[in-house]
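Subject: Structure for you to look at

Hello,

Here is the structure I said I would pass on. Please open it beside this message, as the notes below refer to it throughout.

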Amino acid sequence: MDSTEHLAHIRHASDLTTLEQVRVSLLGKKGVITEALKALSALDGDVRKAQGQMLNEQKQLLIAELDARRLELEQRAEHERLGRERLDMSLDAAPWRTGRTHPISAVMQEIHDIFALMGFTVRTGPLIEDDDHNFSALNIPDHHPARQMQDTFYIDAASEDTTYVLRTHTSPVQIRTMRSEQPPIRIIAPGSTFRSDSDVTHTPMFHQVEGLVVDRDIHMGHLKGCISDFLRLFFGKDDVQIRFRPSFFPFTEPSAEIDIGCTRNKDGLIIGGNHDWLEVMGCGMVHPHVLRACGLDPQQVQGFAFGMGVERLAMLKYNIPDLRTFFDSDQHWLHHYGF
Ligand code: PHE
């Protein structure tokens with residue numbers, strides 16, 4: 001068989017399998033060319049050299065031809081595959097859900113919008129607070145039972161002199177604001193707060209919005225008017241009944257807890273009426289000790305402050321029965337209660 005014949009076999013191989021068979025028959029272990037190369041050793045001198053050169057050239061030619069043919073066949077196979085394949089463009093894409101705003105974020109925004117209407121601006125503070133901002137400056141001295149009442153998370157001591165805690169309320173922002181700004185002050189402080197408490201009605205992390213007004217001649221009437229307006233706007237009802245119940249906070253004097261009137265029937269709880277009362281926030285007149293701790297003169301300026309739990313307000317407004325579900329990250333729940 002001469003080279004022309006080998007080349008013809010290669011060129012006529014109609015698929016990759018046949019081409020491989022041709023390759024093996026020529027260049028495989030027992031292939032024609034391989035055998036011919038082995039046979040060279042029996043020849044002598046010049047003949048061997050000439051024959052060897054000829055065979056090697058032939059081999060290179062065949063290899064090049066095999067490669068070319070393989071490429072050709074591969075491209076043809078690819079082309080045929082593409083011609084065969086069909087994409088069904090009419091198939092609907094998998095449905096995808098757009099995100100929703102978590103009820104806590106939504107309610108924070110609603111609270112913010114109402115107070116913005118009343119001329120309040122927002123202040124924030126760190127989640128890790130020192131003892132002074134979270135307790136002492138708020139008139140909660142060392143060893144005061146109020147420290148235990150708040151189930152504080154303590155941070156491992158960074159220094160001997162200062163104790164750091166996860167803030168147990170947003171009230172430290174009052175201190176920071178009064179120390180860095182001059183009255184008139186009219187701010188709200190929204191954010192997360194932490195207490196080492198976990199049961200059906202308590203989660204270790206929750207949210208508060210604190211309010212603070214400091215100016216000349218501020219009295220409880222201002223507090224009452226401000227909170228009443230807020231609660232009516234927040235619950236979207238003109239006839240929300242509001243009750244101020246005397247209470248105690250170390251940082252306010254006098255202090256009160258605010259209840260709103262509600263009615264319970266077979267469908268649950270309805271805001272309005274006064275068959276029953278629900279506690280919604282704490283408030284009071286800023287204690288003179290607190291004003292002094294912030295460098296203010298209680299003879300010159302007075303203030304009121306209030307603090308509310310965001311989860312509780314969200315539960316009441318949107319009929320969410322279980323506090324813990326706020327923190328479960330359950331997509332179905334979020335789809336149902338989100339905005
Ligand atoms: N800081 C109080 C708490 O977390 C709430 C509060 C704020 C009460 C401001 C009165 C005035 O319980």
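What follows covers the ligand site, then the domains, then a few backbone details. Please keep in mind that this is a predicted model.

Ligand site

The ligand occupies the largest pocket. There are 13 residues around the ligand, and those that come nearest are H169, S171, R195, Q208 and E210.

For three of these residues there is a side-chain distance to a ligand atom. The side chain of H169 has an N or O atom 3.0 Å from a nitrogen atom of the ligand. In S171, an N or O atom of the side chain is 2.9 Å from a nitrogen atom of the ligand. With Q208 the partner is an oxygen atom of the ligand, which is 2.9 Å from an N or O atom in the Q208 side chain. As for cover, the ligand taken alone exposes 320 Å², and the protein buries 91% of that.

Which strands each supply at least two residues of the shell around the ligand? They are strand 6 (205-215), strand 10 (276-286) and strand 11 (302-309). Of the elements that contribute, strand 11 gives the most, with 3 residues. By residue type, the shell divides into 5 nonpolar, 6 polar and 2 charged residues.

Domains

The protein is divided into domain 1, covering 4-84, and domain 2, covering 103-337. The centres of domain 1 and domain 2, taken over C-alpha atoms, are separated by 87 Å.

Backbone details

Two cis peptide bonds are worth finding on the display:

- P183 and P184 are joined by a cis peptide bond with omega about 5 degrees. P184 is in the loop between helix 8 (172-180) and strand 5 (185-194).
- The peptide bond from E253 to P254 is also cis, and its omega is near -5 degrees. P254 lies within strand 8, residues 252-265.

Two asparagines should be looked up as well:

- N139 is a residue other than glycine with a positive phi, near 65 degrees. N139 is placed in the loop between helix 6 (131-134) and helix 7 (145-149).
- N319 is not a glycine either, yet its phi is positive at about 55 degrees. The loop that holds N319 runs between helix 11 (310-318) and helix 12 (331-337).

If you start with the ligand, the side chains to display are those of H169, S171 and Q208.

Regards

Technical notes
Residues are numbered from 1 along each chain as its sequence is written. This is a predicted model: local features need pLDDT of at least 70, side-chain atom pairs count only at pLDDT 80 or more; totals for chains, interfaces and linings use all residues. Side-chain values use heavy atoms; hydrogens and water are left out. A residue is near a molecule or strand if one of its heavy atoms lies within 4 Å of it. A polar contact is a pair of N or O atoms within 3.5 Å; within protein, one must be able to donate a hydrogen and the other to accept it, and residues adjacent in sequence count only if both atoms are side-chain atoms. Accessible areas come from the Shrake-Rupley method with a 1.4 Å probe; for residues, only the protein chains shown count as cover. On a 1 Å grid over the protein atoms alone, a cavity is a set of points where a 1.4 Å probe fits but cannot get out, and a pocket is an open set with protein on both sides within 12 Å along at least five of seven lines; lining residues have an atom within 4 Å of a point. A molecule sits in a cavity or pocket if more than half of its atoms lie within 2 Å of its grid points. Helices (H or I, at least four residues) and strands (E, at least two) are DSSP runs, numbered from the N terminus. Ala, Val, Leu, Ile, Met, Phe, Trp, Tyr, Cys and Pro count as nonpolar, Asp, Glu, Lys and Arg as charged, and the others, Gly among them, as polar. Domain bounds come from an automatic or database domain assignment.
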